[in-house]
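Trainee: I should like to take a close look at a single part of this protein. Could you take me through it in a connected way, and then show me what lies elsewhere in the chain?

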Amino acid sequence: MKIKEEKVNELISKIETILEAIKLEEARAETTLLDVHQDYYKSARNLIQYNTFRRFDLRTTQKKLKYLGLTRLAKAESHLMSSLFKTRFILYSLLGERPTINAKAGLSIKNSKRLLNKHTKELFGYRSKGRRVRIMVTQPTQAATDYQMVYEMIRNGMNCARINCAHDDAEVWKKIISHVKKASKALGKNVKIAMDLAGPKIRTGEITLGPKIRKFKPERDESGKIVSPALLILVPKINEDSELNTIPIDLFQLKKIRVGDTFVLTDTRDKQRTLKVIHINHEEVLAHCYETSYIGTGTILRCQNRKMENILIEELPKIERSILLRVDDILTITKDSLPGNPAEFDEEGNVVKGATISCQLIEVFQKVKEGDPIIFDDGKIEGYIERVFTDYFTVRITRAKERGSKLKAEKGMNFPSTDLGISGLTAKDKADMEFIARYADVVNFSFVNRKEDVEELLKALEELNALNKLNIILKIETRLGMDNLSEILLTAMKVKHIGVMIARGDLAVETGWDTIGQVQEEILAICGAAHIPVVWATQVLENFAKKGLPSRAEITDAVASLNAECVMLNKGLYINDVLKLLNKILSRMEQLHEKNEVMLPKMEKRQRNCWILKKHR
């Protein structure tokens, strides 16, 4: 009995210490709380209390509470003081005593859930029937011209349409929004429009383009036999969006071609190659080639089976080149805007001239230091800065594929341990905000790093008279943004209707693949303490969206989104199939999960649900 009393007293002492620390921190934060909007006052106070609580190492205390059959306080972030007071009350009761403070003090579990639900509804609107978690879908350019696709998205469960201002232009955005609103009205839904500010994305610059050539190669099996010939498509004109197997020829000559025609050409390597026409579709001529061919601008096609004028291949675009990087290679990052180039080698394989590429954001050069890590293309290539000069710095590559990794133009660059001091609001963002303030419901603020970024956004919205019109979602995608999250939230709480997006792509690169699981849990906990709705984003069911079949890991990741209030899907050919499946997963799994709490319905045997098989019969 004495041992039990000692353990209980130890736990009471620990809780008393935590409560005292919280009281002191609340007094220090009183000025901050005065600036918070009245709708968020209780939430901001709870956030400050939770941050203080998490400064303690509570693992031993949690185990002791568990052994007594009490709460471990692991999921108490949204109603911390209530849980602490109740736990202390029970511990005193075990000793036959009663504390002076009422056990019902603090924000209750029920009221904390009401606050989160209220804030979520204000941000995203009403939920779908039978589903708490909202679904946000990134709109492709096609949504501007394909009304039926947008209609199907809404019918299949989309609650919020996301438009990324890093792509397309105001004319395309306006058409997408028009389709969303038209389809919403037709279906009796209220789909929100969210628009992403592009933000200061740091990317690689251009690379010198290659020759005006296109390569065609048949597919072969393990024994070298042709499984599928190379497909060429002859068209009257091509542009930057044209498929890589399209070849431009004169329209007048194209219309003379017939199915079954055979053409001979001499490719850029002086190899004789044969094309056979297999199909004609309006202004497209499809032809097969059974040998690898390099076809360039000016190549001549000579008809073999009938008398016909020679056909000249018209202007082809230059080949987009890349820089092949291996471990221990040196890459020079330049401040100028000149196109970069791959390394040049002599006959013995020695580097004659090193690889170079520019960085599109020149502010980087004032902040980087020798030894700073650098990551390219979402973690595919890693290195560290070896030397820093006025107009360039050199990078030693430490991670790449065994045979080398290709670095292309317009790929992301991350500096995970460098405070670049770059604001989250660019000149383009400020221009785009005029459109967003007029047409959107939500602005997604990219690369929020510190409270000053939020203050800048609020000021810009105030100048546009949109401070009380636009809802705000803060995208957390850097280590610095994660470190400053509580301060960022308290600043944003000066206005109504805010949310947080866990942008797991850049965040994983910045914080490390080994810690992203912990980081996203911490963001969920901090936002839970502040009763701020969270968007679970980046690569959710992406394989399914692009290829038509989900991986097992993608399904479990989709289930994990139940910890958030909204899940974001990226565009893809099979996006409506993804919506159907996700809607079913969320609706079904919400019977087993209430946010981060596991629910326990009666266990029953279930027949296998052959959803994919039934869909494709």
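Mentor: What follows begins with one residue, I193, and then turns to the cysteines, two sheets, a surface patch and the protein as a whole. Please keep in mind that this is a predicted model.

Let us begin with I193. This residue belongs to strand 3, which covers residues 192-196. Is I193 buried or exposed? Its relative accessibility is 1%, and I193 therefore counts as buried, since that term applies to values under 20%. Which residues does I193 touch, leaving aside those up to four places away in sequence? Its contacts are A161, I163, I177, V180, Y439, A440, D441 and V442. One of these contacts, V442, deserves attention: I193 and V442 are 249 residues apart along the chain, yet 6.3 Å separates their C-alpha atoms. For the protein, among contacts with a separation of 6 or more, 72% join residues that are 24 or more positions apart.

Next, consider the cysteines. A disulfide is a covalent bond between the sulfur atoms of two cysteines. How many disulfides does a search of the whole structure find? The result is 0. For C165, the closest cysteine sulfur is that of C160, and the distance of 13 Å is too far for a bond. C165 is buried, because its relative accessible area is 1%. C566 is likewise in no disulfide, and its nearest cysteine sulfur, again that of C160, is 6.2 Å away. With a relative accessibility of 0%, C566 counts as buried.

Two sheets may now be described. In one of them, 6 strands are arranged in the order 19-16-22-21-20-24, forming an open sheet with mixed pairing. Why do strand 19 and strand 24 stand at the edges? Strand 19 (355-358) and strand 24 (413-414) each have a single partner strand, so one side of each has no neighbour in the sheet. The partner of strand 19 is strand 16, residues 330-334, and these two pair in the parallel sense over 4 bridges. Within this pair, T332 faces T356 of strand 19.

In another open sheet, 7 strands follow the order 8-7-11-10-9-13-14, and the pairing is mixed. Its edge strands are strand 8 (246-248) and strand 14 (311-312), each of which pairs on one side only. Strand 7, residues 230-235, runs parallel to strand 8, and 3 bridges join the two. Here L234 is placed opposite I247 in strand 8.

We turn now to the surface. L68, I90 and L94 make a nonpolar surface patch of about 210 Å². One of these residues, L68, lies in the loop between helix 4 (59-67) and helix 5 (80-94). L68 counts as partly exposed because its relative accessible area is 32%, a value that is neither under 20% nor over 50%.

Finally, these parts can be set within the whole. The protein has 19 helices and 31 strands, and its C-alpha atoms fill a box of roughly 105 × 60 × 55 Å along the principal axes. Of its 617 residues, 49% are buried. The accessible surface of the protein comes to about 32500 Å², and carbon and sulfur atoms account for 49% of that area.

Definitions and conventions. Residues numbered from 1 in each chain as written. Predicted model: local features only at pLDDT ≥ 70, side-chain atom pairs only at ≥ 80, totals over all residues. Heavy atoms only, no water. Buried < 20%, exposed > 50% of the residue type's maximum accessible area, 1.4 Å probe, protein only. Contact = heavy atoms within 4.5 Å. Pairing = 2+ DSSP bridges. Patch = residues over 30% accessible without salt bridge, like charges linked within 9 Å, V, L, I, M, F, W, Y side chains within 5 Å. Areas by Shrake-Rupley, 256 points an atom, 1.4 Å probe, with all protein chains shown as cover. Salt bridge = Lys/Arg side-chain N within 4 Å of Asp/Glu carboxyl O. Disulfide = S-S within 2.5 Å.
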